[in-house]
Amino acid sequence: MITKIIGAALVMDEIVRDSALYIEDGKILAVTKDKRPYDRLLDAQGCYLSPGFIDIHTHGGGGCDFMDGGAAPILEGCRMHLRHGTTSILPTTLASAIPALKRSILDIGEAMKVKGDYPHIIGAHLEGPYFSQNQSGAQDPRYIKEPEPKEYEEILEMGEGIIKRWSYAPELSGAGDFSEALVRRGIIPSVAHSDAVYADVKAAYDKGCRLVTHLYSGMSTITRKGGFRSLGVVESAFLLDDMVVETIADGMHLPPELLLMIYKIKGPDHICLVTDSMRGAGMPDGPSILGRKEDGMACVIEKGVAFLPDHSAFAGSVATTDRLVRTFVKAGVGLCDAVKMASTTPARVLGLKKGRIEPDFDADLVLFDDEINVKGVILDGRYLDLAGTTL
């Protein structure tokens, strides 16, 4: 069946308003002014139509954490993000006891098998436990440790085909061997919660690491010892041109001027917008839990962000990806570049044929208005309303 979409402002390298989009068998068939045969017509009524958003770092939403246990809370959290335009997602774990981490990986694997009106679950993102205690942030310090080969090899073996990326601190003892183990298996290594200096980051880069998790959050910056200055993770990410950085553009973690500085230095081809959302995304203000319900860390949601109870640090965000795009646009970045950071760049990082409105790319798309309010999504070429019901 061929679907023709008219009346859309197509978000491509520039905004295209005078062409129709044709979709067939879950793929983009053509973008053209020419009249072609079709079976179904959809009128976007002037809305923007962009590639679906891809969130490569999220811990949950809709009251669910991806480590709560079983596939059900994973699917429910993913469905909430779908309503905000996220069509592909990497459920993310936190530093935890190893048995709990293993169960969560298997739960994500089960959720990946479920078909329905959910975002594409591309795989698991493990955030920890191999981090710096000094940069733990909202990660539970009880579970932070150095890499243990027997332990991580066992996790990699049982998570084959599920684990897509793993965030770690490259300055730790054994981190080099750990990074090499990830790259051998086609898993994306990412620098996170780290006290590394440039030499540590460059060593990780030389071993294939091309990603930095939530830039500026839980990482070193320039330090001075005896008058001598060393670059931290932040500056190293800026210096290494091919390094892609995650940015939590919820308008709270990083002020607009800092977002603009990151954009100016790295450019949209090297920035991935991520929510880093916890279970409070899509929920009202009040007490919440970061991580699993049974042993997670208490936190509180206030004014659009989650804090530790003493307000000493953020405890993840409550953002959805549409909010990230909106924040960058309000800061003064063009819509096409804002969408690129939420779709095209993360798709490239993950090696997916998504994130562009071009022939042969997956027909995962999102419709939104001038204020980036999502009106509907197209998943595998099927139009869904905001409740996730096929129209």
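Which residues does Val-349 touch, not counting residues up to four places away in sequence? Let's use that as a way in, keeping in mind that this is a predicted model. Val-349 sits in helix α10, which covers residues 344–350. From there, Val-349 touches Ile-188, Leu-211, Val-244 and Cys-272, once residues up to four places away in sequence are set aside. You can also look across from Val-349 to Cys-209: the two are 140 residues apart in sequence, yet their C-alpha atoms are 11 Å apart in space.

Cys-209 turns up again if you move to helix α5 (residues 198–206), where you'll find Ala-204. Leaving aside neighbours within four places in sequence, Ala-204 is in contact with Cys-209, and with Tyr-168 and Pro-170 too. Is Ala-204 buried or exposed? Its relative accessibility is 4%, so Ala-204 counts as buried. Ala-204 and Val-191 are 13 residues apart along the chain, with 8.3 Å between their C-alpha atoms.

Now step back to helix α4, residues 175–184. Its buried residues are Ala-175, Phe-178, Ser-179, Ala-181 and Leu-182. Look down the axis of α4 and these buried residues fall within an arc of 155°, so they line one face of the helix. Here's a bit of background: an α-helix has 3.6 residues a turn, so residues three or four places apart point the same way. Over on the other side of α4, Asp-177 and Arg-184 are exposed. And what covers the buried residues? The cover includes α3, β14 (163–168) and β15 (188–191). After α4 comes Gly-186, which has a positive phi, near 75°.

Next up is the inside of the protein. As a rule, in soluble globular proteins, nonpolar side chains tend to be buried together. The largest nonpolar core here has 75 residues, and the ones that touch the most other members are Trp-166, Val-212, Leu-215, Leu-273, Val-325 and Phe-368. Helix α9 (residues 335–342) gives this core its largest share, six residues. Apart from that core lies another one, of 18 residues, including Leu-21, Ile-23, Ile-28 and Leu-42. To see what one of those well-connected residues is up against, pick Leu-215: leaving aside neighbours within four places in sequence, Leu-215 is in contact with Val-234, Ala-237, Phe-238, Val-245, Glu-246, Leu-254 and Ile-262.

On to the strands. Six of them form an open sheet, and going across you meet them in the order β3-β2-β7-β25-β26-β27, with mixed pairing. At the edges stand β3 (15–16) and β27 (382–384), each with a single partner strand, so one side of each is left without a neighbour in the sheet. In general, strands of a sheet pair through backbone hydrogen bonds, either parallel or antiparallel. For a parallel example, take β2 (residues 9–11) and β7 (residues 48–51), which pair over two bridges. Leu-10 stands opposite Leu-49 in β7.

The loops have their own details. One loop runs between β13 (124–127) and α3 (149–158), and Asp-140 has its place there. Asp-140 is buried, as its relative accessible area is 9%, and buried means under 20%. The side chain of Asp-140 makes a polar contact with the side chain of Arg-142, at 2.6 Å. Not counting residues up to four places away in sequence, Asp-140 touches Ala-95 and Met-297. Pro-129 also lies in the loop between β13 and α3, and the peptide bond that leads from Gly-128 to Pro-129 is cis, with omega near 15°.

Two further loop residues are worth finding. Lys-303 is in the loop between β22 (297–302) and β23 (305–307). Lys-303 has a phi near 50°, a positive value in a residue other than glycine. With 73% relative accessibility, Lys-303 counts as exposed. A little further along, His-311 is found in the loop between β23 and β24 (314–317). His-311 isn't a glycine, but has a positive phi as well, of about 60°. How accessible is His-311, and what does that make it? Its relative accessible area is 40%, so His-311 is partly exposed.

Definitions and conventions
Residues numbered from 1 in each chain as written. Predicted model: local features only at pLDDT ≥ 70, side-chain atom pairs only at ≥ 80, totals over all residues. Heavy atoms only, no water. Helix = DSSP H or I, 4+ residues; strand = E, 2+ residues; numbered from the N terminus. Buried < 20%, exposed > 50% of the residue type's maximum accessible area, 1.4 Å probe, protein only. Polar contact = N/O pair within 3.5 Å; in protein donor to acceptor, adjacent residues only side chain to side chain. Contact = heavy atoms within 4.5 Å. Arc of directions from axis to C-beta. Pairing = 2+ DSSP bridges. Core = buried A, V, L, I, M, F, W, Y, C linked by side-chain atoms within 4.5 Å.
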